[in-house]
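Me: I should like to learn how to read a structure of this kind, one feature at a time. May we begin with a single residue and its surroundings?

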Amino acid sequence: MKRITVVTSIIVLACGILAADEQPGFRNTDLKVVIVLSLANGWVWTHPNIGPAWVADDLLECLNSAGAADGVTFTEANGVQPNLRIDVLLTQATEGTTQITMTASVSGLGRGHLFDASSGQSPFTTEEDAVQALVDDTYRWISQGWTYPGTPQTDYGTPSYSYGGSGSNKPGVFGLGFSVARGAGMFAGYASLQPIDLLGIEFDYGSQPCVTSAGGTQVTVWPGMLSAKLQLYGGRRSRSSQVGFEAAADWAEQAGWGGHGALLLRLRPDPHFSVDMNLGAGHFFKPESATAIYEARLAKKLGYFPTDLKLGFIGQMPNYLVGGIGFSLCF
């Protein structure tokens, strides 16, 4: 038992470290930025008070256009601590056809260097096209997020922003909630752990109605049910929704062991609140004795053995339907 506890603790700690070292994509955020432009190949600005500012304005305009759908805005830091520093290097060749390429080194969020972006391998004939291509690559990182390497600290801080609501956009790792018919019975409480984007673990415990309406009167008993689920998700936890698949081991009082598979949909209207839905099917491995026990329990209430035994939302044994909705608070 002690070995199991130690191993479980190590796994949870390792998953927590992995989760803590990820930067989710930004949503509903105002990022304060500093843009610094330099020319390569020994070139100098013909009008140094105008040229860099014009290019910076173009970059800022394109960044705001790219972030509009996600609610992400970019504002030049004015008397406040910036979140990001974007160092842009412009390379221009004018012998014959004008050829312009741009690269950017982005740092900040208290983590030093974050990522590099570029306008691509092929040069452009106009500064506007090169800026747009550079912004497309830069915003891809900002929208999708990234995993940090071991980077030094800087003075550029993490912004305060919301994700579909108020508070931080980093989704909670642990969840506690209540569900209806999505596994472990008709009504169940559940605890979930999603330490990284693609992996989740969940435990549900609830009660499953076992019903007969023989003789015109509905009679119900409520055996307990437990479900342990391994869940695989697509996409990032920072998104407002994730789809996935779960495989579960189920145990019902007196019915014994079963298992189910189901499709998943997790919605996050807020980083600390989730709506979980699933739809699938399962099978009890040895239901014969359980069916007899349930019939006997119902017969005590009816005075005779029922002929139309049904397991509520589970369905007719040994196969059962899994499909419902759950609501959880995440921390």
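Me: Which residues does Ser179 touch, not counting residues up to four places away in sequence?

Reply: The model before us is predicted. Contacts are read by asking which heavy atoms lie within 4.5 Å of one another. On that basis Ser179 touches Met186, Phe187, Ala188, Tyr190, Asp204, Ile325 and Gly326. Ser179 itself belongs to strand β8.

Me: Is Ser179 buried or exposed?

Reply: A residue is called buried when its relative accessible area is under 20%. Ser179 has a relative accessible area of 1%, and therefore counts as buried.

Me: How far apart are Ser179 and Phe327 in sequence and in space?

Reply: The two are 148 residues apart in sequence, while their C-alpha atoms are 6.3 Å apart in space. For the chain, among contacts between residues at least 6 apart in sequence, 63% join residues at least 24 apart.

Me: Which strand is joined to β8 by 6 bridges?

Reply: To read strand pairing, one looks for bridges and for the direction of each strand. Strand β8, residues 174-180, is joined to strand β17, residues 319-330, and the two run antiparallel. One position to inspect is Val180, which stands opposite Ile325 in β17.

Me: What is the order of the strands in the closed barrel?

Reply: One follows the strands from partner to partner. Here 8 strands make a closed barrel in the order β8-β9-β10-β13-β14-β15-β16-β17, and the pairing is antiparallel. From one strand to the next, the twist averages 25°.

Me: How is an open sheet to be read, and what is the strand order in the one with 5 strands?

Reply: One again follows the partners, and then looks for the edges. The open sheet has the order β3-β2-β4-β5-β6, with mixed pairing. Strands β3 and β6 stand at its edges with a single partner strand each, so one side of each has no neighbour in the sheet. The twist in this sheet averages 30° from one strand to the next.

Me: Which helix packs on that sheet, touching β2, β3, β4, β5 and β6?

Reply: Helix α3, residues 127-144, does so, and its direction makes about 140° with that of β6.

Me: Where does mixed pairing show itself, and in which sense do β2 and β4 pair?

Reply: One compares the pairs in turn. Strand β2, residues 29-39, pairs with strand β4, residues 84-93, in the parallel sense over 7 bridges; Val36 has Asp87 in β4 as its bridge partner. By contrast, β4 and β5 run antiparallel and are joined by 10 bridges, with Leu89 opposite Thr103 in β5. The pairing of β5 with β6 is also in the antiparallel sense, over 5 bridges, and Val106 stands opposite Phe115 in β6.

Me: What should I look for in a hairpin, for instance that of β4 and β5?

Reply: Consider the residues between the strands and their backbone angles. The hairpin of β4 and β5 has 5 residues between the strands, and Gly96 takes a positive phi near 85°. In the hairpin formed by β5 and β6, there are 4 residues between the strands, and Leu109 in the turn has a positive phi of about 55°.

Me: How does one read a helix, and which residues of α2 are buried?

Reply: An α-helix has 3.6 residues a turn, so residues three or four places apart point the same way. In α2 the buried residues are Gly51, Pro52, Val55, Ala56, Leu59, Leu60, Cys62, Leu63 and Gly67. These pack against β2, β3, β4, β5 and α3. Helix α2 has 17 residues and reaches 25 Å from its first C-alpha to its last, close to the 24 Å expected.

Me: Where does Asp70 lie, and what is it in contact with beyond its neighbours within four places in sequence?

Reply: Asp70 is in the loop between α2 and β3. Its relative accessibility is 18%, so Asp70 counts as buried. Its contacts, with those neighbours left aside, are Phe26, Arg27, Asn28, Tyr139 and Ser143.

Me: What is seen when the chain is considered as a whole?

Reply: The chain has 4 helices and 17 strands. Of its 331 residues, buried ones make up 45%. The chain exposes about 16,400 Å², of which carbon and sulfur atoms supply 63%.

Terms used
Residues are numbered from 1 along each chain as its sequence is written. This is a predicted model: local features need pLDDT of at least 70, side-chain atom pairs count only at pLDDT 80 or more; totals for chains, interfaces and linings use all residues. Side-chain values use heavy atoms; hydrogens and water are left out. Two strands pair if DSSP finds at least two bridges between them. Axes are lines fitted to C-alpha atoms, for helices over the stretch in contact, and angles run from 0 to 180 degrees between N-to-C directions. Buried means under 20% relative accessible area, exposed over 50%, partly exposed in between (1.4 Å probe, protein chains only). The expected span of a helix is 1.5 Å times one less than its number of residues. Accessible areas come from the Shrake-Rupley method with a 1.4 Å probe; for residues, only the protein chains shown count as cover.
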